[in-house]
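Let's take a walk through this one, starting from a small backbone detail and working outwards. Have the viewer open as you read.

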Amino acid sequence: MSDLDVALRIVPALPLIGSIITAFLGHRLLGSKSHLPVIVGLAGSVLFSLMVLVEAPGSGRISTSYDFIDLGNLHINVVLRADALTAMMLVTVNLVGLLVAVYSRGYMAGDSGYARYFAELGLFVFSMSMLVLSSNFLLLYVFWEAVGLCSYLLIGFWYERPSAAAAARKAFLVNRIGDCGFLLGLMLMWTTFGTLDYDGVFSRVDQADPATLTAICLLLFTGAVGKSAQFPLHVWLPDAMEGPSPVSALIHAATMVTAGVYLVARSTPLFVASPTAQLIVAGIGGFTALLAALIALTQFDLKRVLAYSTVSQLGLMFLALGAAAGQPKLAEFAVIAAVFHLFTHAFFKALLFLAAGSVMHAMGDVIDMRRFGGLRRLLPWTHALFLIGALALAGVVPLAGFWSKDEILSAVREASHGPYGGMLTICYYAAVLTTFLTAFYTFRAYFLTFWGEERIPEEAHGHAHESGLVMLAPMGVLAIGAALTGLFFGPTHLFGEYLAKTPIFPVLGDEHGLDWTVLLTGTLAAVLGIGLSGWFYVLNPGLPERLRRGLRGLYELSYNRFYLDELYGVLFVGPATVLSNVCRLFDQYIVDGVVDLVGWVPSALGRVFQPPQNGLVQYYALVTTIGLAVFVIFVVLTLRG
Amino acid sequence: MTGMNYALLFLVLLPVIGAVVVAALGPERKTLIRWISLGISLVVLLLALLLTAGFLHLDRTDLALAAQSAGKGEGAVPSMRPEFVPGALPDDPSSTRWDWVEIGSGTIQFYLGIDGISIWLVFLTAVLFPATILISWNVEERINEYFAWLLTLKTAMLGVFVSFDIVLFYIFFEATLIPLFFLIGIWGGPERRYAARKFFIYTFVGSVLTLVGVVAVVLACYDRTGLLTFSIPRLAAIVQEQVASPDPQVRSYWQSVQAVVFTLLTVGFAVKVPLVPLHTWLPLAHVEAPTAGSVDLAGVLLKIGSYGFLRLCIPLAPDASIQYGMPVLAALSVVGILYGAFCAYSQDDVKRLVAYSSISHLGLVMLGMFSLTTIGLAGSLMQMVNHGLTTGGLFLLVGMLYDRYHTRKLSDFGGIMSRMPRFGVFLMLIALASVGLPGLNGFVGEVLCLFGVAELTWKHGYSPWPLVLAATGLIWGAWYTFTMLRKLLMGPLKEPGQHATEGLTAAARHAGEQSPSANSGDLVPREIVTLAPIAVLCVALGVYPQPVLRSAEPDISIVAAYAAKARDRVTPLSMAQKGTSVTVQESVRNR
């Protein structure tokens with residue numbers, strides 16, 4: 001085993017060990033120190049994942065652990081792989097995981113489920129690390145579901161709250177719908193290629209017929225749609241905000257929800273071979289980006305605004321992933337743009353969620369922006385950090401979001417000159433509009449929370465105060481990331497060059513310089529959005545209310561999330577529940593009724609013909625057995641003679 | 001290996017010997033009866049672990065290779081090879097010299113043995129054994145009879161899985177009915193008499209048909225070869241030889257025999273499994289049975305049905321299994337998966353919910369089995385073990401809940417997690433295993449079953465709808481299970497009123513003479529010991545299922561090879577298709 005092999009095992013192992021120690025000892029022994037095993041484990045993982053980051057791209061190492069399933073022609077081994085894409089994800093997951101764990105030390109202090117929280121957090125980081133380390137699709141699926149379980153447990157962390165219990169169940173079920181498609185895709189993949197290993201599948205792509213390939217891609221994408229909360233399965237993510245804020249930051253913004261993006265990026269060789277699938281990915285992505293941004297405009301729950309923003313940003317990533325439809329040369333650039341946005345988004349969105357958590361902490365768990373305001377003097381550090389995150393999300397030069405969003409827009413604009421230009425042009429303008437809306441709703445949230453007259457809800461009990469260092473420090477680190485990662489990795493092409501070493505990009509793309517049109521359009525959209533939002537919420541506080549009355553219909557549509565939850569209720573949940581009751585009654589009265597009727601006929605006859613029934617079942621059994629035995633012996637003897 | 005042979009013999013006989021002892025002790029020496037029963041269960045468990053370990057050390061690669069090449073059309077299918085046969089012949093360790101009843105020229109033998117299929121079901125039965133004793137710890141009423149019946153039931157169940165004589169198999173098969181009939185009828189819930197009667201008559205009618213099928217196959221073999229044998233391996237070998245006969249008259253004779261045998265065996269086993277629409281005895285019997293009865297019923301007895309298909313139906317009627325079995329049983333299985341799940345969702349009684357979920361899970365077991373591929377069959381076996389563990393575990397948990405509150409209505413409960421966190425953790429874990437979450441055992445079984453069906457579907461060009469519908473079972477399973485978890489464990493704490501004891505049932509009467517509130521604490525150590533082995537196995541088999549798969553592979557491959565040969569006989573066309581698809585795959589691989 002080389003150093004890299006050891007590192008590959010240690011990175012997932014440390015959080016798992018920490019999690020197990022906390023789970024078994026936390027409640028009784030560790031008490032308020034339950035965070036220690038997990039935080040120490042995560043710190044170690046960060047160091048080792050940095051080592052993987054340095055060494056992986058050169059080696060393309062694959063490291064076997066043991067046979068999971070080896071039966072007939074199905075071979076699934078637990079095999080870890082290290083390449084540039086994995087290493088990049090690994091660092092992101094463990095770094096954000098560590099920062100969130102440190103923040104949680106302060107945020108969750110005193111909670112009765114303190115140990116449980118850290119045990120579940122450790123389990124999540126383990127599962128997520130394994131997800132990106134897997135080198136075959138079934139193993140990926142295993143940890144795909146495992147992160148879903150951690151998400152379920154952490155959304156339902158405060159299980160006494162009915163809303164949290166309902167949100168957890170909803171998240172799991174909606175994800176299961178996507179996973180069902182994912183699993184079918186794996187089966188089709190296995191019967192088509194005879195293997196589920198990445199390398200095996202990717203090397204045989206050209207031997208599958210196009211229709212099958214498209215089917216495989218779309219089924220995989222179904223899984224991604226569920227996990228990454230894309231339309232039409234996006235409805236679980238906003239509800240998932242019932243979980244603790246650090247969980248929202250880690251799982252529902254920075255890492256788990258990006259697993260879908262990772263899956264599609266990882267399967268680039270498959271998608272490149274199926275323009276239809278790519279086009280659908282781009283279309284769903286673009287549509288979701290715009291839809292979620294429109295919903296985010298009118299929400300008053302700060303965390304939900306951020307949740308819809310996450311849905312929208314993930315949509316942009318998918319738009320980029322699918323943008324290279326029909327232009328394999330563009331694929332590398334487009335996919336790298338998507339992954340780059342994943343990377344920067346992890347920093348600034350996690351930062352925004354942690355800052356929102358800090359606000360919530362100070363406001364006595366109130367998160368409705370109508371109930372507080374003008375907090376910039378009360379929470380100066382949170383205010384500054386939130387502002388950095390907001391600027392990065394809005395895409396203002398030179399913060400991280402600007403560079404990655406610019407790359408996505410460039411890729412889509414370039415794609416719109418290709419064979420599927422019509423649709424991709426629409427997608428491009430949807431993305432530009434999304435950029436504008438993003439800047440608007442982000443700063444709407446910022447102004448409503450931090451500007452205007454200072455208002456504090458009574459739940460804060462007059463103890464509203466700035467968070468301590470243990471919470472501010474991790475946010476500070478994330479803020480540095482949100483401010484500088486773009487500038488450092490974007491214009492220097494460091495990120496692109498690093499990621500291009502991943503051996504999944506079959507065609508080396510062309511060099512891409514800065515597209516000045518896109519750069520200016522994007523910046524203009526962002527500035528316009530921020531400016532408009534400032535005009536609405538700072539300079540003219542009465543204007544939004546007048547506008548709301550004027551555009552009542554549109555407002556209601558956005559505020560009620562386009563009534564999609566209600567629609568699903570009527571279309572799916574209601575009928576399924578009714579069907580279930582019908583089945584239950586049908587089974588009880590009809591099916592069983594027939595059985596009882598059939599059973600009643602002989603006994604009724606028996607009552608007529610055979611009065612001395614003694615009712616002893618042993619007696620019947622005895623008679624029947626003897627009768628049958630006589631019959632058997634008789635038949636056998638006859639046959640012999 | 002004589003030691004192993006005796007271990008197997010004692011494994012089967014010890015419980016019934018214990019039953020006689022316990023019954024003789026009389027109803028007053030309660031503590032002694034409990035400890036004797038527990039001791040026997042632990043010895044049986046130890047013997048089963050010994051047998052499993054011994055079996056895992058056997059080298060059976062020759063059998064696996066022979067079966068696999070037979071499946072690919074090269075060479076004959078090897079005969080079933082039971083190991084550890086008590087009274088084995090020195091030159092043929094897979095046969096026994098222990099004759100039992102002579103009938104004409106044939107002999108019914110006391111022919112026990114273990115192969116890769118039965119070892120895991122024996123293992124499952126043995127693991128659940130101590131749990132059923134421990135959960136019955138508070139039974140007071142007619143305690144000696146209760147434990148005597150419970151122990152007798154164990155012998156019958158273990159006997160079914162290790163019998164390689166068809167008459168012996170049938171005797172054990174039938175013998176499972178009587179103890180369970182009394183367990184439900186005497187120690188059951190308010191409607192116990194009706195439930196017991198229905199259970200008995202329903203399954204008894206099924207078993208009578210099974211018997212006729214068994215007789216038919218024995219006689220048909222006798223008729224054609226002049227050889228009267230009751231040995232399952234020999235019967236299977238004779239059938240295999242006869243159906244492949246070059247004489248078309250012989251073939252057509254066996255065609256009709258197989259149709260009859262298949263139908264009769266299927267009806268009998270389908271009642272046991274149960275397949276929709278022959279399932280209605282199950283929810284009732286489960287709900288009314290005392291907890292230990294439900295655990296044995298769901299955990300082991302249902303598998304006797306599916307095991308019957310695997311051990312008898314497919315080997316003895318291979319062509320009919322392909323011709324009628326695959327389309328009809330696969331369709332019924334898919335209906336069962338969906339119907340069971342939908343029925344389960346809206347149940348208010350947790351025990352009924354779990355009972356219906358069994359119908360759904362067993363549907364997947366049968367679907368995987370009737371893909372008749374190595375992977376599907378292995379998945380089916382794996383899923384039998386999984387279902388035994390998880391559903392057994394769920395019934396234990398429901399029983400523990402009932403002991404405390406004397407009600408099982410979901411609408412009476414809420415937020416129990418905060419009242420009984422250990423109970424909540426166990427329930428969560430076992431429920432997650434039951435919905436097939438990766439890392440736990442259910443996942444491996446589900447995936448293998450579905451992959452088996454996928455292999456069949458796409459290799460032979462069947463419609464993908466059964467597969468797609470079966471795969472949606474993932475969603476429905478999560479739907480009812482997570483709804484149950486939410487109602488029971490989450491939300492604000494809500495406990496049934498202290499007066500929920502009206503209409504006290506028999507079970508409740510002896511379970512809790514004390515007031516319910518005194519009992520409503522978290523799990524006591526005895527209960528944790530009851531559940532812990534199941535929980536550990538759920539994780540262990542989920543993380544490392546390979547020992548089960550590897551040890552079962554030779555015997556599974558034999559069944560798959562019977563089916564593959566039958567497929568080539570029944571549909572010569574599909575052989576051509578298979579040929580091409582195999583070459584495509586091979587060419588893909590070569591590149």
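Start in chain A, at A:P232, which sits in the loop between α8 (210-227) and α9 (236-239). The peptide bond leading into this proline from A:F231 is cis, with omega near 5 degrees. Keep in mind that what you're looking at is a predicted model, so this is a computed geometry.

Chain A has another cis bond to look at, joining A:V397 and A:P398, with omega about -5 degrees. A:P398 is also a loop residue, placed between α16 (380-394) and α17 (400-415) of chain A.

While we're on backbone oddities, check phi. A:F562 isn't a glycine, yet its phi is positive, near 55 degrees. You'll find A:F562 in the loop between α23 (552-559) and α24 (564-609) of chain A. Over in chain B, B:R142 has a positive phi too, about 45 degrees, again without being a glycine. B:R142 belongs to the loop between α4 (118-135) and α5 (143-162) of chain B. Are these two buried or exposed? A:F562 has a relative accessible area of 26%, so it counts as partly exposed, and B:R142 gets the label partly exposed because its value is 39%.

Now zoom out to chain A as a whole. The chain carries 25 helices and two strands, and its C-alpha trace spans about 105 × 60 × 55 Å along the principal axes. Of its 641 residues, 61% count as buried. Take the contacts between residues at least 6 apart in sequence: 81% of them join residues at least 24 apart. As for the outside, the accessible surface of chain A comes to about 23400 Å², with carbon and sulfur atoms accounting for 69%.

On to the charged pairs. Over all chains, the structure holds 33 salt bridges. Here are four of them, each given with its N to O distance:

| Side chain | Partner | Distance (N to O) |
|---|---|---|
| A:D83 | A:R81 | 3.4 Å |
| A:R81 | A:D199 | 3.3 Å |
| B:D349 | B:R408 | 3.1 Å |
| B:K198 | A:D592 | 2.6 Å |

A:R81 turns up in two of those rows, pairing with A:D83 and with A:D199. The A:R81 and A:D199 pair links distant parts of the chain: A:R81 is in strand β2 (residues 74-81) and A:D199 is in helix α7 (residues 198-203) of chain A, 118 residues apart. How covered are the three residues? A:D83 counts as buried because its relative accessibility is 2%, and A:R81, at 6%, is buried as well. A:D199 is partly exposed, with a value of 40%.

In chain B, the B:D349 and B:R408 bridge runs between two loops, one between α13 (318-345) and α14 (350-369), the other between α15 (374-405) and α16 (416-419), with 59 residues separating the partners. Both ends are tucked away: B:D349 is buried at 17% relative accessible area, and B:R408 is buried at 14%. Back in chain A, salt bridges with shared partners join A:K170, A:D239, A:D301, A:R304, A:R561, A:D565 and A:E566 into one network.

Helix α13 of chain B deserves another look, since B:G340 lies in it. This glycine counts as buried, because its relative accessibility is 0%. Leaving out residues up to four places away in sequence, B:G340 touches B:V335, B:Y356, B:I359 and B:S360. The C-alpha atom of B:G340 is 9.9 Å from that of B:G473, which is 133 residues away along the chain.

Finally, the interface. Here 75 residues of chain B are in contact with 63 residues of chain A. The area buried between the chains is about 6500 Å², of which 74% comes from carbon and sulfur atoms. On the chain B side, B:F451, B:F482 and B:M490 supply 10% of the area that chain B buries, more than any other three residues.

How many salt bridges cross between chain B and chain A? The count is one, formed by B:K198 and A:D592. Polar contacts across the interface come to 16 residue pairs. Helix α19 (residues 465-489) gives the most to chain B's side, with 13 residues. By type, that side divides into 52 nonpolar, 15 polar and eight charged residues.

Terms used:
Residues are numbered from 1 along each chain as its sequence is written. Chains are lettered from A and ligands numbered from 1 in the order in which they are written. This is a predicted model: local features need pLDDT of at least 70, side-chain atom pairs count only at pLDDT 80 or more; totals for chains, interfaces and linings use all residues. Side-chain values use heavy atoms; hydrogens and water are left out. Contact means heavy atoms within 4.5 Å. Buried area is the accessible area (1.4 Å probe) that two parts lose on being put together, summed over both. A salt bridge is a side-chain nitrogen of Lys or Arg within 4 Å of a carboxyl oxygen of Asp or Glu. A polar contact is a pair of N or O atoms within 3.5 Å; within protein, one must be able to donate a hydrogen and the other to accept it, and residues adjacent in sequence count only if both atoms are side-chain atoms. Helices (H or I, at least four residues) and strands (E, at least two) are DSSP runs, numbered from the N terminus. Ala, Val, Leu, Ile, Met, Phe, Trp, Tyr, Cys and Pro count as nonpolar, Asp, Glu, Lys and Arg as charged, and the others, Gly among them, as polar. Buried means under 20% relative accessible area, exposed over 50%, partly exposed in between (1.4 Å probe, protein chains only). Accessible areas come from the Shrake-Rupley method with a 1.4 Å probe; for residues, only the protein chains shown count as cover.
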